[in-house]
Amino acid sequence: MRAGSSLSHRSGAEALIVCAAGAALGWFVGGLLHPVVGVVMGVVAAANGAVSGWRQVYDWRSGWGVAAFVIDSTWAVVPVAVGLLAHLVAAVSRLRSRSPGYEPSLSRRQNRHVYRRGAHLQKGFAFTVGNVISSAGDVTRARRRKLITDHEAVHVWQARTFGPLYLVLYLLWVIAGAVYGVVVWLRRGRRDPLGKVIESCSYYLNPFEWWAYSRDDLWPPPGLIAGFGWRSPAVRPLSAKRARPLTPSTPPSRVPHDHPSA
Ligand SMILES: [Zn+2]
């Protein structure tokens with residue numbers, strides 16, 4: 001019991017400190033734009049700091065962990081705010097006595113939150129918004145675990161890289177891809193199911209997905225219509241990067257930091 005209570009004391013202290021530091025950062029940076037923006041950013045960063053500090057998700061011993069916290073509290077506060085909704089979905093399911101399956105083994109000191117269940121758009125697909133990965137599924141299976149570390153975690157860092165533009169760019173591609181999919185379907189003589197062509201254009205060929213599937217060494221993905229779209233992977237798979245011996249100047253291989261065109 002004593003070990004457990006000292007752990008929760010440490011979690012409580014970290015929650016308070018990260019909440020206060022996030023609030024100060026968000027409020028200061030947002031305040032440079034407008035006082036109201038400062039208050040809103042401070043509130044979002046405080047909420048993210050409280051839950052992330054309590055769960056000890058930021059890896060303070062690594063520059064990437066510190067960067068993740070600073071970016072989440074400032075530049076990426078919009079996707080992080082949407083991610084708070086995924087925490088809310090998890091909290092509601094807990095209230096209904098259905099555990100959302102929070103997974104510390106994929107979250108603690110790994111700069112992200114992972115739920116086995118919770119928010120999702122499509123059954124069977126994991127769903128990532130901001131720094132929260134929901135519907136991770138049975139992560140005791142190696143393939144499912146790799147989906148989280150090598151694909152979904154890439155989306156977490158994409159959101160940090162593109163900040164307020166991330167969701168807008170992603171959604172714009174989905175819409176444009178759907179329209180383009182209908183055109184392609186007609187031009188190919190309607191020989192493939194329309195839904196599959198639209199899914200290929202708006203989802204699989206989305207550069208953010210091309211990038212993430214490539215990192216997971218899964219390009220072309222099984223769901224993509226054969227011979228459709230990008231021929232080769234956008235970036236090297238993380239598994240190949242891990243296999244390379246690390247030199248002291250090499251950043252942690254689990255952190256995707258390349259641009260897809262790199
Ligand atoms: Zn994805």
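**Exercise 1.** Does D59 count as buried, exposed or partly exposed, given its C-beta neighbours inside 10 Å? Work with the predicted model, and then describe the surroundings of D59.

*Solution.*
Step 1. Locate the residue: D59 lies in the loop that runs between α2 (35-54) and α3 (63-73).
Step 2. Count the neighbours. D59 has 18 C-beta neighbours inside 10 Å. A buried residue needs 20 or more other C-beta atoms in that range, and an exposed one has 12 or fewer. D59 therefore counts as partly exposed.
Step 3. List the contacts, leaving out neighbours within four places in sequence: these are W64, G65, R109, Q110 and N111.
Step 4. Check one pair by distance. D59 and Q110 are separated by 51 residues in sequence, yet their C-alpha atoms are 6.0 Å apart.

**Exercise 2.** Find how α2 and α4 (residues 77-95) are oriented to each other, and classify the residues of their contact.

*Solution.*
Step 1. Take the geometry: the two axes come within 10 Å and cross at roughly 50°.
Step 2. Assign the class. Angles under 35 degrees would be roughly parallel, and 65 to 115 roughly perpendicular. The pair α2 and α4 is therefore oblique.
Step 3. Give the hand: α2 and α4 make a left-handed crossing.
Step 4. Name the residues. From α2 come M41, V44, A45, A47, N48 and V51, and from α4 come V77, V80, A81, L84 and H87.
Step 5. Sort them by class: the contact of α2 with α4 holds nine nonpolar and two polar residues, with no charged residues.

**Exercise 3.** Repeat the analysis for α5 (residues 142-162) and α8 (residues 207-215).

*Solution.*
Step 1. Here the helices pack at an angle of about 135°, and their axes are 8 Å apart.
Step 2. Roughly antiparallel requires an angle over 145. Helices α5 and α8 are therefore oblique to each other.
Step 3. The crossing of α5 with α8 is right-handed.
Step 4. On the α5 side the residues are D150, H151, V154, H155 and Q158, and they meet F208, W211, A212, Y213 and R215 of α8.
Step 5. By class, this contact of α5 with α8 has five nonpolar, three polar and two charged residues.

**Exercise 4.** Which residues of α7 (residues 194-204) are buried, and what covers them?

*Solution.*
Step 1. The buried residues in α7 are V197, S200, C201, S202, Y203 and Y204.
Step 2. Their cover includes α6 (166-187) and α8.

**Exercise 5.** Examine the backbone at R109, S135 and P220.

*Solution.*
Step 1. Recall the background: most peptide bonds are trans, and most residues other than glycine have a negative phi.
Step 2. R109, which is not a glycine, has a positive phi of about 60°. R109 sits in the loop between α4 and β1 (113-114). With 14 other C-beta atoms within 10 Å, R109 is partly exposed. R109 also appears among the contacts of D59 from Exercise 1.
Step 3. S135 has a positive phi too, near 55°. Its place is the loop between β3 (132-134) and α5. S135 has 23 other C-beta atoms within 10 Å, so S135 is buried.
Step 4. For P220, inspect omega. The bond joining W219 and P220 is a cis peptide bond, with omega about 0°. P220 belongs to the loop between α8 and α9 (238-243).

Conventions:
Residues numbered from 1 in each chain as written. Predicted model: local features only at pLDDT ≥ 70, side-chain atom pairs only at ≥ 80, totals over all residues. Helix = DSSP H or I, 4+ residues; strand = E, 2+ residues; numbered from the N terminus. Contact = placed C-beta atoms within 7 Å. Axes fitted to C-alpha atoms, helices over the stretch in contact; angles between N-to-C directions. Left-handed = near helix turned anticlockwise from the far one by under 90°. Nonpolar A, V, L, I, M, F, W, Y, C, P; charged D, E, K, R; others polar.
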